[in-house]
Every structure is written in C-alpha cells, then in structure tokens.
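Here is a short report on one protein model. Keep the sequence and the 3D view open as you read.

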Amino acid sequence: MKKSGLLTLLALLLTWTVSIAQGIRVTGTVTSAEDGSSLPGVSIQVRGTTQGTQTDATGSYSISVPSSNSVLVFSFVGLGSREITVGNQTTINVQLTADTRALNEVVVTGFGAQARRNLTGNIAKIEGSSIQGVPVTTFEQALQGRAAGVQITSLNGKLGQGIQMRIRGSSSVTASNEPLYVIDGVPMTSNNQGTSTSPQNPLADINFNDIESIEILKDASAAAIYGARASNGVVLLTTKKGRSGKTRFNVGYQMGSSEPTRRREWLNTAEYVELYREAAQNSMDRGDLPANYMTSLESRFTRYAAGERANWEQGLINNNWEDHAFQKAPMGQLDLSASGGDNKTRFFVSGQYLDQKGILIKNTFKRLSGRVNLDHKANDNLTLGVNLNVARTQNGRLANDNAFSTPMQSVALPPMTPLIDPRTNQLSGNYTLYFNPILNRDYSSNISTSYRTLGNLYGEYRFTDWLKFRSEWGADLYTLNEDQYYGRETARNTGAPNGLGFSSFAQVTNYTTNNFFSLGHTFGEKHDIDGVIGTSFQRSDASYNQVEGREFPSNSYTRVTSAARITAGSSSGTNFSFLSYFARANYRFADKYLFTFSGRVDGSSRFGENNRYGFFPAVSAGWIISEESFMQALPSVSMLKLRASYGLTGNAEIGSINNFAAYGLYTGESGYAGTPGQSPSQIENPDLRWEQTAQTDVGIDFGFFGGRLSGEVDYYIKNTRDLLLNVNVPGTTGFRTQLRNIGRLENKGWEFVLNSQNTTGAFQWNTSLNLSGNRNKILDLDGQVITGGFNNRAVEGQPIGVFYEIEYAGVDPNNGDALYYLNTENTDGSVNRNTTNDPNLAQRVVLGNPNPTLIGGITNNFTYKGFELNILFQGQFGNMVYNGGGKFQSANGDFFDNQTRDQLNRWQKPGDITNVPQARLFGANGTAESSRYLQKADFVRLKTLTLGYTLPTALVNRAKLERVRVYVTGQNLLTFTNYTGWDPEVNADHLAGNIGLGNDFYSAPQARTIIVGVNLGF
C-alpha cells in the first residue's frame, strides 16, 4: 500500500512537470539598470496564476508559460517591478531600477548568491574595483581597513612576506587561525610551503585585478556551509566574467617607487665614541672592568674603523648603516584584458606582468600571470564553463628577522666601520662587529620561484524552471623551487669557507569536486524558497625534497651539482582529504520574514576513527521591520532589518601540526650501523576531532533617506571548545605527550558599519566607515602555560599571546640604576610595588596585550565630472608591541651595537631625571627582558590615496578609444603613532604564530609607495 501511494505521488509529479513543460519556455537574465550587474532572488510570476520562479545567483531564470498571451511580472522589494507580455519571445532580458543600491547588491554566499536585503548572516563584501591598482603584491594587503571585524597584519615590509588575517579574533591556540580561502569554488593552498622560518605567502600568486568581488563570511550562518574549516571565517574570491556585447579591451600600466615609511636615528661616530667611553669608565669605576680597559676599548674602536685610529678619533668615517640596508625601489606593472561574447558564449581573458623591488636590498618580486574565464550556453538547459589561471612568481628572498644576514641588522654595526674597506677596496668583512649583511647583496642569491595553476571546469543543467544541477571539478597545483647560494665571502655567517648551496622542491596538488542541486521557487505572491544540497570531495597531496652542498670551485658555480660535498638532504610527503555533504535552505514570507537553515557534514582523514565525521549546523532569521505597515508613517526609514544567527563551525587545519596526528606512527629513521630499523614515533588517539566554535550573532541593518545613509551593527559571541593541545601521558606508554581535544576560549565583539552619500549631483561625496572591537579570552588550557615570542603566553584567564614579563620602574635618580617593580605578593594578598635593581627578584606579571581592542577604517570618495579622489585611513588601537631588539639597540652602551639616539639621554649624575639608565659597558643595566621595551602601538595610517581623471568621451573617441583614465596613487603615505620603532604594524617573522604576537626584532617597516598610471579602454 505504501509502495502504491508513492508511485501515485510520483506519477502526479511527473504529470505536473510534463504539463508545465508543454507550455512556452522563456529564459533570460535580470540585471540592474544602474550598473548592469546581475540580480539574484528576483521573483518572476505568471500573472493570474500561482506559477512562478526566481533568478539564480547569476541573475538567470527559466520559466514555462501557458501561452503567448501570458504576462510575466518581475518584482523585488526595493526595485521597480515590470510586467512584460511574452508574445513570440523566448528570451526576455530585463533591467530593474533600484530605489537603493544596498538592497539589490549581490553577495556570494558559498555555492550560491543572494541579494543583501535577504541575508540573515554577516558577510562583508569588497568590490574588486575598489582595490584594483593598489600598489601591493597581495590582495590581503589591499583589504586592510575595508571590512569590519577583519584584522590584517603584514609581518614586516619584505615583498612576498606572510600575512596574518584574523576574522573576529583568534579561535585556536595551536591550530591555524587563518581563514579558508576559496577562489571560484576551489579551496586554495594558502599556508607557507617554504623552508625558511621567514614565511612566504602563496596567495601572492593571485593577480587581484582579475577579482570581481571578495566576500568575507564572518558569522556561523554564513560560514557553516563550509563546516569543519570555517571557524576562522571564509574568504570567497570571485573572478571576472565576460558579458554579452562587443569585445572590450583594457590596457593598464602603472609605475612608481617605494621607500620606508620611517627611518630611525642612530649615533654618529663622535656620539658613539662618547657613549662607549663613558660606559667603559662607569664600569671601571664600579670595579666591573679592569682599570686599564680604556686601552682595550680604543683598540677595538680602531679595529672597527678599518685599522685607522683617525677614522674614529677625528670622525673621518660617519657611516649610517641603515642607508645601506634600504634601496631605491622602483616598480612597474602592465595589465591587459579582453572580455565580451554573445547570448551563447561569454569570455574574459587577462594577463599581467609585475616587476617590483622591495625597500630592502636583494628583495624583489616578479609575477607573470594569465587567466581565461569562459562560459558557454550549449542549449537552453546546459551551460558549460572553465576558469583557468596560470602564474609564475619569482621572489628575491631575505633571511628572517633574527638572522645576522638580514639587511636590517646592519644597523647594529658601529658608525666608524666603513662600507668599503679602504685597505682592500672590498666590502668590509671579517673585522666588523658582526657579520656584514651587505656581503649577501653581492655574494649570495636566494630565489624562490613558484608555478601555479588554478582552475575549475563546470557543467550546469537546468531540469525545470526551479531545479538545476551543477558539477564542478577544480584543481590548485602549486610548485615551489627555492635555490640559494652563499659565496665564500659569507663564510663568517654560513661557516662554509668555500661556499654553500641549497635547493628545495615543494609540490602541492589540491583537487576538489563539488556536485550540487540548486532550487528556487515562488509560491503565490508571498512564499519564496531557494536552497542548495550537494556533496564535495577534496584531496591534497604534498611532497618535499631538499639538498645542501658545500665546497664550490668559485662563485660562478651556484647549483648544488657543483658542490664537492653533499652535506644534507631529506625527502618527505603528506596528504589529507575531506568528504562532505552540505545543504542550505532560505525561506521568505511576504518579503519581510526571512529564515535560513544550513549545515554540513564533514569527514576528514586527519582525525580519529571514532570522530571521523562531524555535523556543523546553523540557523538564522531576519525580520525586515521597514516593510511592516506600521512603518509606512516613517518614510525616512528606507530599510530596517533585525537578524540573528547561531551555529557551529569547525577548525580542521592542523596540517602545521600533523596531518596524521590521530594515528599511531612509526619512523624509519632508527637504523644503526648501516642496518635499517624502525621505531614508534607517535601514540594514536582514535578520539581526536576538530576544534568546534559555537557562534551567536545579533545584528541590525538600517537605511535612511532612500539609502543615502545605511549601515549595520553586530554583536557576536564565539565560544571555541575541544582545543587541540599536547598533554602529558604516563611514561609507561613510551611517549611524553599526546595530542588531545582539551581547552576552551572565547571571543566577544561588536562591529559597526556606516555608509553615507553626503552629496549627490555633479559633485558626489560618499563615505564608508567601519569599526570593530574584539575581546579574546582563554578559558581552559588544562592548567598549561604555553609560551611563544619573546615574552608571550597563552594562559587561562587572559587573551592569547599576552606579554608576561617583569615591570620596568624607571631609573634611580641617585645612582642611575635601572629599577623594576617587585610585584610579589604580600602576606595580606596585596601586591608589593616596591622596586629593586635586581631583575631576578622581580616577579613576572601580565603587562600588555598584543591583540587590538579596536580596529577600523574610513573611506571617502569624491567625484566631480571626470575627477575622482579616494582616501582611505586605517587604524588600530589598544595593542602593544615588544621591541625585542631594544636590549641591543637601545641598551645604553651595554655592548658595542650602535644605539638609537635617545640613549644620549642617559643618567649621568645624581639628580638626573630620565628613563635611560646609566651607561655601563657589559653592565646589563636595564637590558633585562622587561616592559622597558614594551610600547603602545596605536596607529592611524593614510593607507591609500588616489587622484584620478577620466578624459572626456568626445576627446578620447577621436583616438578610437572608449575610455582614458590617468591617476596617481599613494600607499602608506602617513603614519600617526607614538611607537618609536620602525613600524607599529609588525610581527617579527621568525616568531610569528598564534602566540608569538606583537614582536619587533629588526623588522623592516612598511613601504611608502607612490605610483602613476593610465588605463585605456577600447
């Protein structure tokens, strides 16, 4: 009986589908009359019937109508509706006029798209046009200050360097805190694949002038469809597509140069000699140095001055080594693109060549890339397409910030040391205080070359007006070659008297396939349903090989094959895979009550057999209050929407720890005396699972005066549990630790976005402001204290990465001693704030937070006739930076490093009031790791300024062109901060991580760049 009923139901459904199909099939697209962009979610109704559909993510629709007399009604709240009689038309393309652009903005949501008006989650959208032409190498840098709740930090000013992005704070202690990056449906390899502790950025392979839009999925409702990889947010990159019409060509060229945003002041030779003579005398007076040490000191000065006493005694050499670390940094970039098509086929092709020098010597970046995006409509039901990008990137790399060979460490050399040794007319070498990094400029090479192919193929078949199926197959193929050579002149640094060569090869093959159904239907005039359901599979394989050789015949031979000795080599590999099932359903009632349900089941090879699969659901709702009848008396309120969401997301990104962390492993490195052997290397944990984040978000979207003033306010709470931590296990297991799910942390915060059209007409002025605050707190680490950086800690009850050190109390005015607060606990429980000159007696305490409490950006756009002016300010507040180099470069003459000029303000006699202790050579007076070198790092930066002019159409048409635009752009033009280091936006690359935050160690400042450019369209 049940079987009979099911068959009857299927027969009725088939009859209904066939009857619909017997009508006239009408297809088309719905676009905005304002800018031609596609409009998703537009309702198309056959007038006088209950039959209807809605446009998909690309603005396309298909509907069957009973006869040629049928009338189609195109409608969407906030847009003017249109009625069109079908007649003999089978293709009807419609443009709708919007009352406010914010209502119909298309937002990519992951396996689909929605109009912003219908969103119940939180998604920040950045148009590709707003970052086009920004003179940076990676799109993340171009996003700084443009999205609420998104903190983007450049580790330093090196080209191709790693970037940290935090979306609504840090959600993990040991796993990745970086978001998932997806380009045209393909998850990207985004973590560092190089061998250096100075990480490089694989995302620098992307030409962001190809990007149409960037969506940042921030809350659980928006991100849950990416399940186990969405706890840190998801960044969706959508590349440009061709449009029907004639072929349009665009050519762009820009050129300019860069310089450091800040230089620091250092002692000249006379000041250096004065300070160190005084420091030596003070130590001699204290009995810490022999009474005749001054002779030894002057002998040292002579050695540093290339053997000539007059060079330091008469100040004949005054060498500012910072000048040699920096270089003139020109850049040039050429972009070409063509797009067009017809009703059947649309295409977009582009190419780019970028050649840029960094502000540091030997730091270069070159990128050659090409893209082809093709969409073809095979028939009324089937669409095929391909997106393909190939790129070759060559990065002239530098050693990490902690290496003596990095250019910035040249500032430690005394100013009486010449760049060129007058005795040999060669670069100064073995007699310098430390290794001379400028030797690497002439006698070394460090080149990383990546080859990348990113692309996907898709086929999309529409079964009915309301149902279609899409199949995608994508790949991200990434290869990185690192070739290094250090000549015999660098032996003092490498320990290789006849040269050292190194070569590595990394290859990551990342394959993915998505197969999903999309549906969208309108019932009557009040019920709209759309959704997606499908499956996804991804596999990533990585292999790594490296070899080192020494003893080269000469510097003419730089490849390892020429080495007389192969001194090291290794080979390794790893992989992971995901099998996933996902779904999302959106329901709208009366165009004012919104509901969204989404979820994803993820299975990962990384986790234990008892927790191989996880379910990540989310639910959200919205109420468009402005559509209620009682709001009609307030015509100034054009939009008022209340929304709320709750859901679970996961963090499976433990690849940096171990892709096989759940397994019992053996190592084959246990051979002895030529006999092979193996031994256990890791204890299994079949219960290992991903970290999980439960997030609640409540928000309000608002608009006034026809959308001239609009924005959003959000408050969120993110609670992360099952943190992945190594915990001690009984020694009887044969192991010390095991990776387990133990620990919790939370992030709480708010976001505020305000957009305004200040003036309209011939002179237009628009403003966009975003502000956000986040509070991070570790709730449970199973009693562990995890350290990082110089003085960073992850500890219960505190934000991640807090600075834990002794507290500097200033200088004793009586004797010049550096003082520290004891901060010990008195018997009554109070804190002892007495001081001591012995740092070993002072108690270490939490003294600062590297995480900002407020970040934001404000953009102003001005246009008048053909002129345009764009100004972006970015700011960050409430965080602190520890200058780990301070104990060397601002050490009041403790050792022989050159000093910052503020050390001349040292204590010299009783009664002096200063913050710089008495100079004492080898005295360690104030050089302990303490809050002396901890500073507030608040800053406001004029991030981007562009002044452009588009020539009159009548003028450019004479040259057979359609558009000519000239412009000048400045990046990082001004920085307002009280931080005394090179740059307040810093995180020393060799220490960067989840815990090692806010550290500065000879880290290069950001570059100030000015370019001029021209765009031609024809």
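This report goes from domains to strands, then to single residues and rings.

**Ground rules**

The model is predicted: local features need pLDDT of at least 70, side-chain atom pairs count only at pLDDT 80 or more, and totals for chains, interfaces and linings use all residues. Residues are numbered from 1 along each chain as its sequence is written, and side-chain values use heavy atoms, with hydrogens and water left out.

**Domains**

The domain assignment gives domain 1 (2-98) and domain 2 (139-259 + 327-653 + 679-806 + 844-884 + 929-1017). Such bounds come from an automatic or database domain assignment. The C-alpha centres of domain 1 and domain 2 are 40 Å apart. Their contact takes 23 residues from domain 1 and 20 residues from domain 2. Contact here means heavy atoms within 4.5 Å.

**A three-stranded sheet**

Strands (E, at least two residues) are DSSP runs, numbered from the N terminus. Two strands pair if DSSP finds at least two bridges between them. In what order do the three strands of the open sheet lie? The order is β52-β51-β55, and the pairing is mixed. The edge strands, β52 (934-936) and β55 (999-1000), each pair on one side only. Strand β51 (residues 880-883) pairs with β52 in the antiparallel sense, over three bridges. Within these strands, M880 stands opposite K936 in β52.

**Buried and exposed residues**

A residue is buried under 20% relative accessible area, exposed over 50%, and partly exposed in between (1.4 Å probe, protein chains only). The table applies this rule to five residues.

| Residue | Place | Relative accessible area | Class |
|---|---|---|---|
| V234 | strand β16 (residues 234-239) | 0% | buried |
| N510 | strand β26 (residues 500-523) | 2% | buried |
| D375 | strand β20 (residues 364-377) | 5% | buried |
| D184 | loop between β13 (180-183) and β14 (186-187) | 16% | buried |
| N425 | loop between β22 (420-421) and β23 (426-427) | 61% | exposed |

Take V234 from the table. Leaving aside neighbours within four places in sequence, V234 is in contact with I167, P179, L180, V182, E215, I216, L217, A223 and Y226. The C-alpha atoms of V234 and L642 are separated by 23 Å. Along the chain, V234 and L642 are 408 residues apart.

Now look at N510. Its side chain reaches the backbone oxygen of P187 at 2.9 Å. Not counting residues up to four places away in sequence, N510 touches ten residues' worth of neighbours listed by name, among them P187, G474, D476 and R539. The side chain of D375 joins that of Y458 through a polar contact of 2.4 Å. A polar contact is a pair of N or O atoms within 3.5 Å; within protein, one must be able to donate a hydrogen and the other to accept it, and residues adjacent in sequence count only if both atoms are side-chain atoms. Again not counting residues up to four places away in sequence, D375 touches K241, K344, T345, R346, L384, G385 and Y458.

The two loop residues have a backbone feature to check. Phi of D184 is near 50 degrees, a positive value in a residue other than glycine. N425 is not a glycine either, and has a positive phi of about 55 degrees.

**Rings**

Rings of Phe, Tyr and Trp (its six-membered ring) pair if their centres lie within 6.5 Å. Planes under 30 degrees apart count as stacked, over 60 as edge-to-face and the rest as tilted. How many aromatic pairs does this rule give? The count comes to 39.

One pair is Y808 and Y820. Their ring centres are 5.9 Å apart and their planes are at 65 degrees, so the pair is edge-to-face. Y808 lies in strand β43 (residues 808-811) and Y820 in strand β44 (residues 818-821), so the pair ties together parts twelve residues apart in sequence. Both Y808 and Y820 are buried.

Another pair is F867 and Y949. Here the centres are 4.4 Å apart and the planes are at 35 degrees, so the pair is tilted. F867 lies in strand β50 (residues 867-877) and Y949 in strand β53 (residues 939-950), so this pair ties together parts that are 82 residues apart in sequence. F867 is partly exposed, with a relative accessible area of 46%. Y949 is also partly exposed, at 26%.

Ring pairs also build a cluster. It links Y272, Y276, Y293, F301, Y304, W312, F895, F896 and F922.

**Charges over rings**

A charge sits over a ring if NZ of Lys or CZ of Arg is within 6 Å of the ring centre and within 35 degrees of the ring normal. R229 lies over the face of F578, at 4.3 Å from the ring centre. The charged end of R941 sits over the ring of F939, 5.3 Å from its centre.

How values were computed: Helices (H or I, at least four residues) and strands (E, at least two) are DSSP runs, numbered from the N terminus.
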